[in-house]
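Hi everyone, thanks for making time this morning. I'd like to walk you through one structure, so please have a look at the sequence and the model before I start.

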Amino acid sequence: MARVETSSSRPYHLIIFGASGFTGQFVVEEAARVASEGPNGNLKWAVAGRSKQKLEKVLEQAAAELSKPELRSVDVIVADVGEPGSLAAMCKQAVIVLNCVGPYRFFGEQMVKACVENGAHHIDISGEPQFLEGMQLNYDSQAAEQGVYVIGSCGFDSIPADMGVLFTRDQFKGTLTAVESFLTFGTGEDGGCLHDGTWQSAVHSFSVGHELQTLRRKFNYKPLPTVGSKIKRRGNLFFSNEVQQYSVPFLGSDPSVVKRTQRFLLEEHHAKPVQYGAYVGIGGIGNVLKLLFGGLIFWLFVKFSFGRKLLLKHPEFFSFGVFSMDGPTRKQMKDSTFQFEFFGEGYTEGQDPSQGKPNGKIRTLVKGPECAYVATPIAMVQSALTMLNEPTALPKKGGVYTPAALFAKTTLTDRLHKHGIEFTVL
């Protein structure tokens with residue numbers, strides 16, 4: 001069972017590492033909002049990062065934004081990924097470390113290593129499959145020995161997709177065999193954008209995409225068994241009748257994370273695996289042309305060092321304004337939304353999954369506020385609170401887990417629903 005109590009030597013339930021970063025500042029605000037949901041109504045938490053001055057400024061801003069002057073007295077810890085000793089000292093004080101420092105390809109492993117070696121559970125919001133799967137390969141056994149949970153992708157990547165597939169399976173009366181998800185976004189009159197930290201992660205992740213297959217071969221996994229009809233993969237660009245938009249395959253971590261979850265559920269609980277296809281709606285023909293042009297440039301540039309430097313230096317230009325160094329305004333964040341529609345099929349109760357074609361369908365929806373800096377902090381903090389409040393519902397042994405693998409038997413979906421990331425059957 002997870003260790004979730006604080007002690008004199010481990011005084012904090014949570015330490016938010018990278019709290020002064022663009023995403024980290026909103027994780028701080030979210031932790032402050034829901035502190036009363038901590039164990040016994042009192043979440044004990046601190047912020048950490050390289051600069052004490054910047055961390056104090058983030059607490060000052062949060063205090064003003066939330067009208068909570070007591071935030072100015074939240075403890076500040078100075079720690080740097082370049083100084084292993086400082087990371088170890090920080091981890092020894094926390095039950096859980098919320099790691100907001102990316103790109104994780106460069107900075108994530110140091111934090112995972114420090115958490116595992118010093119007995120702190122680790123939660124990140126990475127959307128980088130190479131990092132996530134690499135951590136499973138390199139640290140799963142050690143984390144299990146230490147009784148530590150390492151949980152990746154606990155933000156928009158990939159809580160809605162992973163918990164959404166699990167929710168769809170649990171709501172289906174019978175054996176669910178396949179799910180397709182379609183992601184769409186909404187913005188207000190001011191539009192929207194993402195901070196270039198996400199762009200940096202994408203550039204670095206795609207530049208080493210070839211490494212992923214080499215990494216996966218090291219697991220020596222057998223293919224997951226197919227139950228029911230084999231899911232038909234869509235094209236690289238198609239018009240989706242489901243969302244009435246042109247759509248493309250979703251290139252983030254969701255397919256990778258969901259597949260890892262399904263493997264875990266098969267191996268640990270003998271659950272029939274659900275096939276999964278992930279797509280994102282991009283809108284009308286104008287956006288299609290932008291994507292084709294921008295995507296071609298991106299794929300050409302990301303292969304070379306000089307090209308990557310240009311991409312990283314001019315995110316707004318190369319992404320047609322989707323990413324910017326300033327990130328979205330609070331007004332843009334307030335007016336933005338996301339929506340995942342899940343279309344599932346399977347065999348209804350009493351039907352033999354080994355006989356004939358699937359005869360049942362289900363449609364579910366996961367929707368929420370702006371994905372990167374509103375929904376992601378909610379998902380990250382609620383993941384931590386679920387661990388703290390429901391330790392007996394977690395897997396008995398430590399290790400490196402996907403969200404739905406760790407939280408399958410918890411109330412995380414209900415907690416998210418109450419905080420604006422809603423799960424419904426349509």
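**Strands, salt bridges and a few odd bonds**

Let's begin with a pairing in the sheet: Leu176 has Gly346 of strand β13 as its bridge partner. Before going further, a word on where this comes from. This is a predicted model, where local features need pLDDT of at least 70 and side-chain atom pairs count only at pLDDT 80 or more, while totals for chains, interfaces and linings use all residues. Residues are numbered from 1 along each chain as its sequence is written, and side-chain values use heavy atoms, with hydrogens and water left out.

Back to the strands. Helices (H or I, at least four residues) and strands (E, at least two) are DSSP runs, numbered from the N terminus. Two strands pair if DSSP finds at least two bridges between them. Strand β7, residues 174-186, runs antiparallel to β13, residues 337-348, and 12 bridges join them. β13 also pairs with strand β14, residues 360-369, in the antiparallel sense over 10 bridges. Gly346 comes back here, standing opposite Gly360 in β14. From β14 we can step on to strand β16, residues 422-425, which pairs with β14 in the antiparallel sense over four bridges. In that pairing, Lys367 has Glu422 of β16 as its bridge partner. As a reminder, in a regular strand the side chains alternate between the two faces of the sheet.

Now, salt bridges. I count one when a side-chain nitrogen of Lys or Arg is within 4 Å of a carboxyl oxygen of Asp or Glu. How many salt bridges does the structure hold? There are 15 salt bridges. The background is simple: side chains of opposite charge can pair when their charged atoms come close.

Take Arg33 and Glu30, whose closest N and O atoms are 3.0 Å apart. Both sit in helix α1, residues 22-33, and they are three residues apart, so about one helical turn separates them. Are these two buried or exposed? My cut-offs are under 20% relative accessible area for buried, over 50% for exposed, and partly exposed in between, with a 1.4 Å probe and protein chains only. Arg33 is partly exposed at 43%, whereas Glu30 is buried at 7%.

A second pair is Arg330 and Glu65, at 3.7 Å from N to O. This one links distant parts of the chain: Arg330 is in helix α13, residues 330-335, Glu65 is in helix α2, residues 52-66, and they are 265 residues apart. Arg330 is partly exposed at 39% relative accessibility, and Glu65 is partly exposed at 42%.

Within α13 itself, Asp335 and Lys331 form a salt bridge at 2.6 Å, N to O. They are four residues apart, about one turn of the helix. Asp335 has a relative accessible area of 27% and Lys331 has 37%. Salt bridges that share partners also join Glu29, Glu30, Arg33, Glu65 and Arg330 into one network.

Next, two buried residues. Val243 lies in the loop between β9 (238-240) and β10 (245-249), and it is buried at 13%. For contacts I use heavy atoms within 4.5 Å. Not counting residues up to four places away in sequence, Val243 touches Phe182, Thr184 and Glu341. Gln262, in helix α9, residues 254-269, is buried at 5%. Leaving aside neighbours within four places in sequence, the contacts of Gln262 include Val165, Leu224 and Pro273.

Finally, the backbone. Most residues other than glycine have a negative phi, and most peptide bonds are trans. Which peptide bonds are cis here? One joins Gly102 and Pro103, with omega about -5°, and Pro103 is in the loop between β4 (94-99) and α4 (104-118). Another runs from Asp157 to Ser158, with omega near 0°, and Ser158 lies in the loop between β6 (149-151) and α6 (159-171).

That β6 to α6 loop also holds Ser153, which has a positive phi of about 50° although it is not a glycine. Ser153 is buried, at 1% relative accessibility. Phe320 has a positive phi too, near 55°. Phe320 lies in the loop between α12 (315-318) and β12 (323-324), and it is partly exposed at 41%.

Thanks for listening, and I'm happy to take questions.
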